[in-house]
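Here is a short tour of a protein model, written to be read with the structure open beside you. Let's begin at the surface and work outwards to the whole chain.

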Amino acid sequence: MFWRKFLTAGGLVEPRHIRRARSYLEEARLAMLEHSIAAEHYKSCADMYAERVIRLEEELRHWEEAQRQPRSTNEARPAERQLKSMNPEAAQPSNPTPAVVRAA
């Protein structure tokens, strides 16, 4: 009993609410650390998906451009056939351009 009065009076033993506050502080610090780690992870995931979106959009744009090109040549083919039937010499282009093939 003497020691208890001496320890509490001298401030060597903390009151219960202070011990609880220290415990809550430790929990809050751990939660802050965990959430910081999670935020860093989600940030890197968001950056990765942003790069993926750009890459996929570019791939789709190239594919759509490639799809448009054959359509324009297909539309010109019936007109070429008509020209060949009327005048075979007029159907030949004077300066043919080489086709460009893009490898994926």
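## A nonpolar patch

Leu30, Leu33 and Ile37 together make a nonpolar patch of about 290 Å² on the surface. Please keep in mind as you look that this is a predicted model.

Take isoleucine 37 from that patch: its place is in helix H2, which covers residues 16-86. Is isoleucine 37 buried or exposed? Isoleucine 37 has a relative accessible area of 51%, and because the cut-off for exposed is over 50%, isoleucine 37 counts as exposed.

## The chain as a whole

The protein chain holds 3 helices and 0 strands. Read from the N terminus, its elements follow the order α-α-α.

How much of the chain counts as buried? Of its 104 residues, 1% do. The chain exposes about 10,400 Å², with carbon and sulfur atoms supplying 58% of that area.

## Salt bridges

How many salt bridges are there? The count comes to 3, and we can visit them along the sequence.

Glutamate 14 pairs with arginine 22, and their closest N and O atoms are 3.0 Å apart. Glutamate 14 is partly exposed at 30% relative accessible area, while arginine 22 is exposed at 52%.

Moving on, aspartate 47 forms a salt bridge with lysine 43, with 2.9 Å between the closest N and O atoms. Why are these two separated by about one helical turn? Because aspartate 47 and lysine 43 are 4 residues apart in helix H2, about one helical turn lies between them. Aspartate 47 is partly exposed, its relative accessible area being 35%.

Arginine 61 and glutamate 65 form another salt bridge, with their closest N and O atoms 3.4 Å apart. Both residues belong to helix H2 and are 4 residues apart, about one turn of the helix. Arginine 61 is partly exposed with a relative accessible area of 41%, and glutamate 65 is also partly exposed, at 37%.

## Confidence in the model

How confident is the predictor here? The mean pLDDT of the protein chain is 78, and 56% of the residues reach 70 or more.

Which element has the lowest mean pLDDT, and which the highest? Helix H3, residues 88-91, has the lowest at 51, whereas H2 has the highest at 87. H2 is also the helix that holds isoleucine 37, as well as the pair arginine 61 and glutamate 65.

Notes
Residues are numbered from 1 along each chain as its sequence is written. This is a predicted model: local features need pLDDT of at least 70, side-chain atom pairs count only at pLDDT 80 or more; totals for chains, interfaces and linings use all residues. Side-chain values use heavy atoms; hydrogens and water are left out. Patches are made of residues with over 30% relative accessible area and no salt bridge: like charges are joined within 9 Å, nonpolar side chains (Val, Leu, Ile, Met, Phe, Trp, Tyr) within 5 Å. Accessible areas come from the Shrake-Rupley method with a 1.4 Å probe; for residues, only the protein chains shown count as cover. A salt bridge is a side-chain nitrogen of Lys or Arg within 4 Å of a carboxyl oxygen of Asp or Glu. Buried means under 20% relative accessible area, exposed over 50%, partly exposed in between (1.4 Å probe, protein chains only). pLDDT is the predictor's confidence in each residue, from 0 to 100.
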